[in-house]
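Me: Could you take a close look at a single part of this model for me and talk me through how its pieces fit together? I'd like the cut-offs spelled out as you go, please.

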Amino acid sequence: MSETSKRLEQLGIQLPIRDRKGTGKVDAVLYGDLLYVSGTLPVDQEGKAVYTGKVGEDITVEEAYQAARLCGLNILATIKDYIGELDRVDYVVKCLGLVNSGKEFFSQPAVMNGFSDLMVEVFGRRGQHARSAMGAFALPQNVPIVVEAIVKIRP
């Protein structure tokens with residue numbers, strides 16, 4: 001068992017398994033030693049939104065934080081699908097979180113912390129990353145956040 005798999009087990013984290021066949025979507029592209037992960041939603045294994053609504057109006061910051069964490073779990077599952085083993089992650093380089101924000105909501109970074117905190121829990125210093133968190137008027141399936149990532153991969 002790999003070190004990262006052991007860490008996930010210690011944290012009580014089980015990565016989602018999704019059937020990506022027939023969707024026509026490319027979840028990630030490996031270019032050189034960088035894996036570019038497409039915008040990832042807080043969805044269950046069937047692709048249905050677990051959290052919905054605008055943050056600050058329909059959903060709380062705490063709920064949106066959990067949605068960002070779920071995006072992170074889905075991203076980890078995608079990375080594992082594409083490279084085989086999470087120990088090959090050299091470090092998480094850059095992430096972008098788009099937050100479905102209500103008119104008076106200005107704490108997008110607090111929502112994105114759900115994703116960032118998970119990456120550090122799983123990878124330690126390798127999970128610390130540059131990031132941006134921005135407000136969006138609307139997101140697919142009315143989810144509160146979408147996260148994309150760039151990850152450096154070891155050979």
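Reply: Happy to! Let me start with the axes: an axis here is a line fitted to C-alpha atoms, for helices over the stretch in contact, and angles run from 0 to 180 degrees between N-to-C directions. Helices (H or I, at least four residues) and strands (E, at least two) are DSSP runs, numbered from the N terminus. This is a predicted model, so local features need pLDDT of at least 70 and side-chain atom pairs count only at pLDDT 80 or more, while totals for chains, interfaces and linings use all residues. Residues are numbered from 1 along each chain as its sequence is written, and side-chain values use heavy atoms, with hydrogens and water left out.

The part I'd pick is helix H3, residues 108-123. Its 16 residues reach 23 Å from the first C-alpha to the last, close to the expected 22 Å; that expected span is 1.5 Å times one less than the number of residues. H3 does have a kink of about 35°, centred on Gly-114, where the bend is the angle between axes fitted to the seven residues ending at a residue and the seven starting there. Just past the end of H3 comes Gly-124, with a positive phi near 65°.

Which residues of H3 are buried? They are Gln-108, Val-111, Met-112, Gly-114, Phe-115, Ser-116, Leu-118, Met-119, Val-122 and Phe-123. Buried means under 20% relative accessible area, exposed over 50%, and partly exposed in between (1.4 Å probe, protein chains only). So the kink is centred on Gly-114, which is itself among the buried residues. The packing partners of these buried residues are helices H1 (3-11) and H2 (61-83) together with strands E3 (89-100), E4 (130-136) and E5 (145-153).

Ser-116 makes a good close-up within H3. Its relative accessible area is 9%, so it counts as buried. Beyond its neighbours within four places in sequence, Ser-116 is in contact (heavy atoms within 4.5 Å) with His-129 and Arg-131.

Now for the neighbour H1. H1 and H3 pack with their axes 8 Å apart, at an angle of about 120°. That angle makes H1 oblique to H3: under 35 degrees counts as roughly parallel, over 145 as roughly antiparallel, 65 to 115 as roughly perpendicular, and the rest as oblique. H1 brings Thr-4, Arg-7, Leu-8 and Leu-11 to the contact, and H3 brings Glu-121, Val-122 and Phe-123. By class, that contact has four nonpolar, one polar and two charged residues. In this scheme, Ala, Val, Leu, Ile, Met, Phe, Trp, Tyr, Cys and Pro count as nonpolar, Asp, Glu, Lys and Arg as charged, and the others, Gly among them, as polar.

Thr-4 of H1 is worth following from the other side. At 3% relative accessibility, Thr-4 counts as buried. Not counting residues up to four places away in sequence, Thr-4 touches Val-122 and Phe-123, as well as Leu-86, Asp-87 and Arg-126. Thr-4 also sits 11 Å from Lys-80, C-alpha to C-alpha, although the two are 76 residues apart in sequence.

Finally, a word on H2, another of the packing partners. H2 has 23 residues and reaches 33 Å from its first C-alpha to its last, close to the 33 Å expected. Just after H2, Gly-84 takes a positive phi of about 90°.
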